[in-house]
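This briefing covers a metal site and a set of charged side-chain pairs. The structure comes first, then the points by topic.

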Amino acid sequence: MTCPLTPPPGMRRAALSDAGLRRDGNQDVAFAGCRLLVVADGFGLDGARAAAAAVGALTPLEDDGVPTADPLGALSGAVDRAGRAVDEVAGSSADPDGVGTTLTALLWTGSRLALAHVGDTRAYLLRDGLLTRLTEDHSMVRELTDAGRLTPEEALAHPQRALLTKALTRNVRNTPDTVDVRALDVRSGDRYLLCSDGLWAAVPEAGISRVLSTTADPREAVRSLVDLANAAGGPDNVSCVVADFGDRTS
Ligand code: MG
């Protein structure tokens, strides 16, 4: 792919999506372009179509004249289109109220980075050897954990761990109440990870951090992360995007 914008100096990225070991199909989508990084985890009867439609609505950001001064507006507009695309999928589904997708996306415009997020896919930042989560899960167990009614360990084992409080579904629109959109500050050496719950629910953060800290090549990093999830039983579809900004020494 020829990048239309000058990528961040030394920006390298890779995406990998895998069905895991227990699911018949893969309803996740992972995408790593020149400007756009996305992970979506579809659910319901037509979850794969919903995830693909949402990501497909974002990919014009790769080659349109994205306003470099307003990545938040550009990304938010694309999320609007993603919501409508999922709505269309729901309208043609045999289970219109059960279909939808999560969406976690980063948009780079040459100088600025924007994040959009809904659902329980996640974005992480590895900076100076420290892994930080950039997104909050829109899930019932996260609300119970925040309220002190579940420990993080109990949340992971909860039978309704995957029950979402927000996602792109039928009739859901991109508003500040549904989709988190914000700017991120980028530094040379930053490494970003986007992933579906097939990774973070199966692999402890220490294991994720270890791979990200010790595997220089993003292609090897996404492969190792997917392998870890499958070594842990591969209970769900697993998707990872890893992108490096600037020079990394690891
Ligand atoms: Mg999943």
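A residue counts as buried when its relative accessible area is under 20%, as exposed when it is over 50%, and as partly exposed in between. By that cut-off, D244 and R191 are both buried. The model is a predicted one. Its magnesium ion has three protein donors, D41, D197 and D236, and its salt bridges number 16.

**Magnesium site**

- The magnesium ion is bound through OD atoms of D41, D197 and D236, at distances of 2.1 to 2.3 Å.
- Along the chain, these donors are spaced as D-x155-D-x38-D.
- D197 belongs to helix α5 (residues 197–200), while D236 sits in the loop between α7 (218–231) and β12 (238–245), so this pair ties together parts 39 residues apart in sequence.
- D197 has a relative accessibility of 4% and therefore counts as buried, the limit being under 20%.
- D236 is also buried, at a relative accessible area of 9%.

**Salt bridge D244–R191**

- The closest N and O atoms of D244 and R191 are 2.6 Å apart, and the two residues form a salt bridge.
- D244 is in strand β12 and R191 in strand β11, so the contact ties together parts of the chain 53 residues apart in sequence.
- Both partners, D244 and R191, are buried.

**Salt bridge D185–R127**

- D185 pairs with R127 in a salt bridge whose closest N and O atoms are 3.5 Å apart.
- The two residues are 58 apart in sequence and link distant parts of the chain: R127 is in strand β7 (residues 122–127), and D185 is in the loop between β10 (180–184) and β11 (190–195).
- R127 is buried, with a relative accessible area of 16%.

**Salt bridge D137–R133 and its network**

- D137 and R133 form a salt bridge, with 3.7 Å between the closest N and O atoms.
- D137 is buried at a relative accessible area of 4%, whereas R133 is partly exposed at 34%.
- R133 falls in the partly exposed class because its 34% lies between the limits of 20% and 50%.
- Through salt bridges with shared partners, R133 and D137 are joined with R122 and E205 in one network.

Note on methods
Residues are numbered from 1 along each chain as its sequence is written. This is a predicted model: local features need pLDDT of at least 70, side-chain atom pairs count only at pLDDT 80 or more; totals for chains, interfaces and linings use all residues. Side-chain values use heavy atoms; hydrogens and water are left out. Donors are N, O and S atoms within 2.8 Å of the metal (3.2 Å for Na, K and Ca); water is not among the atoms, so sites may look incomplete. Helices (H or I, at least four residues) and strands (E, at least two) are DSSP runs, numbered from the N terminus. Buried means under 20% relative accessible area, exposed over 50%, partly exposed in between (1.4 Å probe, protein chains only). A salt bridge is a side-chain nitrogen of Lys or Arg within 4 Å of a carboxyl oxygen of Asp or Glu.
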